[in-house]
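Student: Could you take me through one part of this model up close, and then work outward from there? I'd like a loop with something unusual in its backbone, if you can find one.

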Amino acid sequence: MTAQDRAHVDAQYGLLTTIAAEAEVSLSTVSKVVHRRRDVAASTRARVEELLGRYGYVRVWEQDPSAPRQIVAVFRDLSGPFTLEVVRGIVDAAGALGVDVVTGTTSRRSISQWLEECVALHAAGMIIVISMLTEEDQRRIVAQQLPVVLIDPLSSPSLDIPSIGVTNWSGARDAVQHLLGLGHTRIGMVAGRSHSLAGAARLHGYRAALEEAGIAYDPAIVRSTDFDFDEALVASLQVMASAEPPTAFFAASDAQALGVLEAARQYGLSVPRDLAVMSFDDTLVAAMACPPLSAVRQPFEELGHEATRVLLQLAEGRPPASLRVELATELVLRTSTAAPRHLARK
């Protein structure tokens, strides 16, 4: 961010702080009025609007309409299959709307720095994918009226920041119910980290399906890892070495499912004859795996479109109908799942 851009941001922040103090309301309330939120009393709204006009405050979407529009999309990294699918969904959706996309990661630049960059670029707003927002980041987003949309945040935003995700709980439940329907009763899981909202929801869906089938949850055949191939490989080998190994695995992501497949290969197990494997995501690699993975499909194109739509709606000063949107998942069956061997022989 240039010194001029920083001065502009500081001036805007100072102006809204002044207006909040003069109107005797919180900075959050001023932000709601700026974004034309409905949950502000009419008298308060009128007082704040009068001060905004008096001080000459110009909303972002009321600036030069002829300027090219662009958004910023920030990811934890750009290495996994999930990330690449989401990038494609956002870029395709933005392109259809005539909007350019600047992409980046948090590996060398923090969310706070990306927020500054978003302002410096005069971007319409920012989409943040699978990242942890600090309380300071959240306060800044609200205080500076930065249009921000989250995709699969690692934790629930504590302030009014919209987020887009999928039906992780029911998708995981559907996956495990499919394995149960094939006759598996000993189903292991490579789950996501507990601090991840998506990971926790998928684990809860797994447990719900077992409970509904009258099967006790056994932590000995469940491991939590990052959505990562290497960690899943190690975790799967540990579970396969247990006294009573599972006949099926549910992995919380395609990357983890690939780790399970490699562990099965190293252990001399045939998939699906000796071990059924079910995944979550259904990125391009799922169909390319050997064997092709049965998976819970996330609607990546729709994720990107919805996040972009909500972001541009925010940038135009129109609050979304809901702060949380969950898109439906779909079960896609391929050849990595089959009945356990003792049933297949019958």
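Tutor: Let's start at Pro291, which sits in the loop between helix 11 (284–288) and strand 10 (294–297). Keep in mind that this is a predicted model. What catches the eye here is the bond leading into that proline: Cys290 and Pro291 are joined by a cis peptide bond, with omega at about 0 degrees. As a rule, most peptide bonds are trans, and most residues other than glycine have a negative phi.

Step back along the chain and there's another cis bond, this one running from Val271 to Pro272, with omega near 10 degrees. Pro272 is in a loop too, the one between helix 10 (254–266) and strand 9 (276–281). Strand 9 has an oddity of its own: Asp281 is located in that strand, and the phi of Asp281 is near 135 degrees, a positive value in a residue other than glycine.

Now go forward from the Pro291 loop, past strand 10 (294–297), to helix 12 (residues 300–315), which packs with helix 4 (residues 81–96) at an angle of about 50 degrees, their axes 7 Å apart. That angle makes helix 4 oblique to helix 12, and the crossing of the two is right-handed. On the helix 4 side, the contact uses Phe82, Glu85, Val86, Gly89, Ile90, Ala93 and Ala94, which meet Phe300, Glu301, Gly304, His305 and Thr308 of helix 12. Sorted by class, this contact has six nonpolar, four polar and two charged residues.

For contrast, look at two other helix pairs. Helix 5 (residues 111–120) and helix 6 (residues 135–143) pack at an angle of about 20 degrees, with their axes 10 Å apart. Helix 5 is therefore roughly parallel to helix 6, and the crossing there is left-handed. Ile111, Ser112, Leu115 and Glu116 from helix 5 meet Asp137, Arg140 and Ile141 from helix 6. The classes come out as three nonpolar, one polar and three charged residues in this contact.

Then there's helix 2 (residues 27–34) with helix 3 (residues 42–54): their axes come within 10 Å and cross at roughly 80 degrees. So helix 2 and helix 3 are roughly perpendicular to each other. Helix 2 brings Thr29, Val30, Val33 and Val34 to the contact, and helix 3 brings Thr44, Arg45, Val48, Glu49 and Leu52. Those residues divide into five nonpolar, two polar and two charged.

One last stop, the enclosed spaces. There are two cavities of 30 Å³ or more. The largest holds about 80 Å³ of space, and its lining is made up of Arg76, Ile130, Leu154, Gly192, Arg193, His195, Ser196, Thr225, Asp226 and Phe227. That lining splits into three nonpolar, four polar and three charged residues. The second largest cavity has a volume of about 40 Å³. Around that second cavity you'll find Ser131, Leu133, Gln138, Leu150, Pro153, Ser155, Ser156 and Pro157, which by class are four nonpolar, four polar and no charged residues.

Definitions and conventions: Residues are numbered from 1 along each chain as its sequence is written. This is a predicted model: local features need pLDDT of at least 70, side-chain atom pairs count only at pLDDT 80 or more; totals for chains, interfaces and linings use all residues. Side-chain values use heavy atoms; hydrogens and water are left out. Axes are lines fitted to C-alpha atoms, for helices over the stretch in contact, and angles run from 0 to 180 degrees between N-to-C directions. Helices (H or I, at least four residues) and strands (E, at least two) are DSSP runs, numbered from the N terminus. Angles under 35 degrees count as roughly parallel, over 145 as roughly antiparallel, 65 to 115 as roughly perpendicular and the rest as oblique. A crossing is left-handed if the near helix is turned anticlockwise from the far one by less than a right angle, and right-handed if clockwise. Contact means heavy atoms within 4.5 Å. Ala, Val, Leu, Ile, Met, Phe, Trp, Tyr, Cys and Pro count as nonpolar, Asp, Glu, Lys and Arg as charged, and the others, Gly among them, as polar. On a 1 Å grid over the protein atoms alone, a cavity is a set of points where a 1.4 Å probe fits but cannot get out, and a pocket is an open set with protein on both sides within 12 Å along at least five of seven lines; lining residues have an atom within 4 Å of a point. Grid points are joined across faces, edges and corners, and a volume is the space filled by probe spheres set on the points.
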